Amino acid sequence: MTYHFDFGWLIESLPVLLKGIRITVQLILIGAVFGVALGIACAWVRALGPKWLRPVVATYVELIRNTPFLIQLFFIFFGLPSLGIRMSELTAANLAMIVNLGAYSCEIIRAGIQATPRGQFEAGASLAMTPFQTFWYVVLVPALQRIWPALSSQIVIVMLGSAVVSQIAAEDLTFAANFIQSRNFRAFETYIVSTLIYLALAILLRQLLAGLGWMLFPRKASR
Amino acid sequence: MTEFSFWDILRNLLLAARWTVVLSLVSFIGGGIVGAALLFLRIGGRRGIQLLSRGYIQLFQGTPLLMQLFLAFFGLGLFGIDVPAWLAACVALVLWTAAFLAEIWRGCVESIAKGQWEASASLGMGYLQQMRYVILPQALKVAVPPTVGFSVQVVKGTALTSIIGFVELSKAGSIVTNATFQPFTVYGLVALIYFALCWPLSKSSQLLERKLNVAHRNH
């Protein structure tokens, strides 16, 4: 192999890379917050919500979990405008991530709710709480605590999956890498660097979520 | 300009879907073989080898599949090979699948009680014998549902190979869209075809899990 590696481009390309990192971080922060919120809402519907709404949510979850994120993204960005719904690349990317994470976290959180002992619901009812109050004040937090590790991994997976939003020209880290390598013709080095940045982001995000879990659930799990 | 009927669109997409199926099978079988080798190293090899395979798994689980595809595409090129898209796609997907399967199977092997290892060791079995006659037959039963479940991720993962130019279902979707200007119909159909491929796998994974769980309870 007579190839000579060259990382000299790194310094002048730093601003582009940093902007890409900023967008990727922004995407996953917004995606995680709203995605998990959507997941909680859907999990409530599927486990305890109105009966007529359950099949709707079940269909949504199955559809999203059994199609590639790339196609969901293309459908939102290219397909929806023919129904008159237009949005910017970043909005489409965010929406796709929220919809995607919403479906996965719904299933994860539902598992946490179903692991709640029946007695907790009965105890809530005996204190004259409405079913929703019981869910919100009694069931939800321990349920989230139970599934927090699985939810954290899913958020990291969605962050890594967000690399494909570059395909609709949302200017994330992968988009920055594509841009840089089209200028310096050093494709391999550029992708190595951005892969390592993704790895660092994934490790960082995992630590952050572990810390957040530690802050949110200070008490030991009630079993 | 030629007009495209709904049937034309569907037929072209279905023809391309064959490649999604082929690529999924190659990645899953290849990934299974590499993953099994990785599993043996991860739980039985020397300390250094264990760390190495653990690093491999973390690396592939902690970076985007898209980046791995790019690296395979441009990295193989460094050796002076003219890399066709299908080769880069296969290499990246096999390595990626292997990392995930090895980690899934490790969980299954570790779910086998420690006494089983000790009992087989006390019968004078070597590491490979222990695995072959005692551990794997039991771990296999636990491993089936999550393995089938992961095959869904493999099928969905193949969609990314469209980005490095491999013409499978997603790429065909983009090509057909560019010809017909009907993104809503085309991507809707593409999504439905993926769904038709993945949903039976998801469902059978769930059913298997329920079935094997029942067996577990009867012990």
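This report describes chains A and B of a predicted model, beginning with chain B as a whole and moving on to helix packing, the contact between the chains and a few local features.

**Chain B as a whole**

The secondary structure of chain B consists of eight helices and zero strands, and from the N terminus on its elements accordingly read α-α-α-α-α-α-α-α. Measured out along its principal axes, the C-alpha trace of chain B spans about 75 × 50 × 25 Å. Chain B has 219 residues, of which 40% count as buried. When contacts in chain B between residues at least 6 apart in sequence are considered, 76% of them join residues at least 24 apart.

**Two helix pairs**

One helix pair is taken from each chain, and the table sets out their geometry.

| Helix pair | Angle | Axis separation |
|---|---|---|
| α1(A) (residues 10–48) and α6(A) (residues 131–161) | about 135 degrees | 10 Å apart |
| α3(B) (residues 65–77) and α4(B) (residues 85–110) | roughly 130 degrees | within 8 Å |

In chain A, α1(A) and α6(A) are oblique to each other, because their angle of about 135 degrees falls outside the ranges that count as roughly parallel, antiparallel or perpendicular. The crossing of α1(A) and α6(A) is right-handed. On the α1(A) side the contact is made by I28(A), G31(A), A32(A), V36(A), W44(A) and L48(A), while α6(A) brings P131(A), F135(A), L151(A), I155(A), V158(A) and M159(A). By class, the residues of this contact of α1(A) with α6(A) are eleven nonpolar, one polar and no charged.

In chain B, α3(B) and α4(B) are likewise oblique to each other, and α3(B) passes α4(B) in a right-handed crossing. From α3(B), the residues L65(B), Q68(B), L69(B), A72(B), F73(B) and L76(B) meet a set in α4(B) made up of L87(B), A88(B), A89(B), V91(B), A92(B), L95(B) and W96(B). The contact of α3(B) with α4(B) holds twelve nonpolar residues, one polar residue and no charged residues.

**Where the chains touch**

Between the chains, 30 residues of chain B are in contact with 32 residues of chain A. The elements of chain B that give two or more residues to the side touching chain A are α3, α6 (127–157), α7 (169–180) and α8 (183–217). Of these, α8(B) gives the most, with eleven residues. The residues on the side of chain B that touches chain A divide into 22 nonpolar, seven polar and one charged.

**Helix α7 of chain A**

Helix α7(A) covers residues 173–184, and its twelve residues should span 16 Å at 1.5 Å a residue, which agrees with the 16 Å between its end C-alpha atoms. The buried residues of α7(A) are L173(A), T174(A), F175(A), A176(A), A177(A), N178(A), I180(A) and Q181(A). These buried residues pack against α1 and α8 (187–216) of chain A, and also against α3 of chain B. After α7(A) comes F185(A), whose phi is positive, near 55 degrees.

**A single residue in chain B**

Is A119(B), with its 13 C-beta neighbours inside 10 Å, to be counted as buried or partly exposed? Because a residue needs 20 or more such neighbours to be buried and 12 or fewer to be exposed, A119(B) with 13 counts as partly exposed. A119(B) is found in helix α5 (residues 114–122) of chain B. The C-alpha atoms of A119(B) and L51(B) are separated by 27 Å, and the two residues lie 68 residues apart along the chain.

How values were computed
Residues are numbered from 1 along each chain as its sequence is written. Chains are lettered from A and ligands numbered from 1 in the order in which they are written. This is a predicted model: local features need pLDDT of at least 70, side-chain atom pairs count only at pLDDT 80 or more; totals for chains, interfaces and linings use all residues. Axes are lines fitted to C-alpha atoms, for helices over the stretch in contact, and angles run from 0 to 180 degrees between N-to-C directions. Helices (H or I, at least four residues) and strands (E, at least two) are DSSP runs, numbered from the N terminus. Angles under 35 degrees count as roughly parallel, over 145 as roughly antiparallel, 65 to 115 as roughly perpendicular and the rest as oblique. A crossing is left-handed if the near helix is turned anticlockwise from the far one by less than a right angle, and right-handed if clockwise. Two residues are in contact if their C-beta atoms, placed from the backbone, lie within 7 Å. Ala, Val, Leu, Ile, Met, Phe, Trp, Tyr, Cys and Pro count as nonpolar, Asp, Glu, Lys and Arg as charged, and the others, Gly among them, as polar. The expected span of a helix is 1.5 Å times one less than its number of residues.
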